[in-house]
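User: I have a chain open on my screen and would like to talk it through. Could we start with what counts as buried?
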Amino acid sequence: MNRPLLFAALTSLLAAGCGAGIGTNARAGRPQDAAKAAVQAEREAPERAKGEADASAPAAEEAPPARAPGDYVAYRFSGSFRRTPLLLTQRVVAREGDVLVVDVTLEDGKETEALRVRMSDAPSRRGEILGAAWIDGGAERPATLAAYDAMMAKTALAADENEEVLGTEAVNVEVGGGAIACQKTSFRVRIGRTKATMRTLQSDDFAWGDVGGEITAEDGRVLYRAELVDRGHADARPSAPVAAAGAEPGLAPRPATVARSEGEDDGEGDDYED
């Protein structure tokens with residue numbers, strides 16, 4: 001499964017980093033420490049899976065690109081892990097051979113962060129982040145992969161332990177005028193001393209990776225929710241020129257419409273026992 005940019009909270013429990021299974025005790029320490037570790041594991045997952053991908057690489061190379069300049073997705077992150085929801089938008093602004101140039105924007109209603117990442121789309125390295133740059137004042141300036149990790153960590157809440165798989169079912173998710181066939185998997189997990197249920201939505205047919213996820217406490221509180229709120233293709237120029245020779249001009253998405261949940265406030269929350 002291609003899971004290039006999202007859901008460190010969910011992947012912290014994946015044993016192989018590519019949807020291949022769930023491991024127990026995969027994260028220790030406070031949630032913010034786990035988020036950083038999970039993001040790092042997510043970036044390293046393509047290399048761990050390289051051996052399997054190499055076996056099928058010849059057939060995969062013949063497939064047309066799943067994403068092209070102009071394609072975009074938007075995800076909303078909410079729940080009691082923070083009081084203000086986050087909107088994460090990803091847009092493909094160029095393709096340089098087997099490398100995608102993707103603008104990643106994170107908004108919390110007050111501040112906006114924007115990074116341009118170069119991501120491998122080669123079958124054996126698909127999803128691996130190769131480099132990053134800040135988009136600032138209509139131009140690129142150097143950034144580290146640690147800056148990308150820190151941005152993604154803001155979207156994450158990691159579970160301390162996966163106790164058991166509760167079940168799976170096939171579901172359809174309607175987003176952007178079309179349905180995505182997904183597998184919904186439920187797990188019993190623990191976050192600190194809080195017992196909870198984690199649900200993931202994954203689809204092998206969705207080029208961007210995960211479709212959604214949720215962690216709910218036993219008393220019904222939503223601790224964490226990640227949901228795909230928009231996807232599509234739009235005709236517009238990128239916010240900053242792509243600093244690469246021969247790269248095609250990018251296309252920017254229309255803004256996703258995100259409804260704020262009743263009672264959500266500014267700042268970050270911590271609505272679980274640590």
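Analyst: A residue is called buried when its relative accessible area is under 20% and exposed when that area is over 50%. Please keep in mind that this is a predicted model.

User: Okay, is R118 buried or exposed?
Analyst: With a relative accessible area of 17%, R118 falls under the 20% cut-off and therefore counts as buried.

User: Where does R118 lie, and how far is its C-alpha from that of V101?
Analyst: R118 belongs to strand β4, which covers residues 112-120, and its C-alpha atom is 4.7 Å from that of V101, although the two residues are 17 apart along the chain.

User: Switching to rings, how many aromatic pairs are there?
Analyst: Searching the whole structure gives 2 aromatic pairs. One of them joins F77 and Y224 in a tilted arrangement, with 6.3 Å from centre to centre and 50° between the planes.

User: What does that pair tie together?
Analyst: F77 is in strand β1 (residues 71-78) and Y224 is in strand β11 (residues 222-233), so the pair links parts that are 147 residues apart in sequence. Both F77 and Y224 are buried, and together with F81 they make up one aromatic cluster.

User: And what sits over the ring of W208?
Analyst: That is the charged end of R67, which lies 5.0 Å from the centre of the W208 ring.

User: Last one, what about the chain overall?
Analyst: The chain has 5 helices and 11 strands, and buried residues account for 51% of its 274 residues. It exposes about 12,500 Å², of which carbon and sulfur atoms supply 46%.

Notes: Residues numbered from 1 in each chain as written. Predicted model: local features only at pLDDT ≥ 70, side-chain atom pairs only at ≥ 80, totals over all residues. Heavy atoms only, no water. Helix = DSSP H or I, 4+ residues; strand = E, 2+ residues; numbered from the N terminus. Buried < 20%, exposed > 50% of the residue type's maximum accessible area, 1.4 Å probe, protein only. Areas by Shrake-Rupley, 256 points an atom, 1.4 Å probe, with all protein chains shown as cover. Phe/Tyr/Trp six-rings, centres within 6.5 Å; stacked < 30°, edge-to-face > 60°. Lys NZ or Arg CZ within 6 Å of the ring centre and 35° of its normal.
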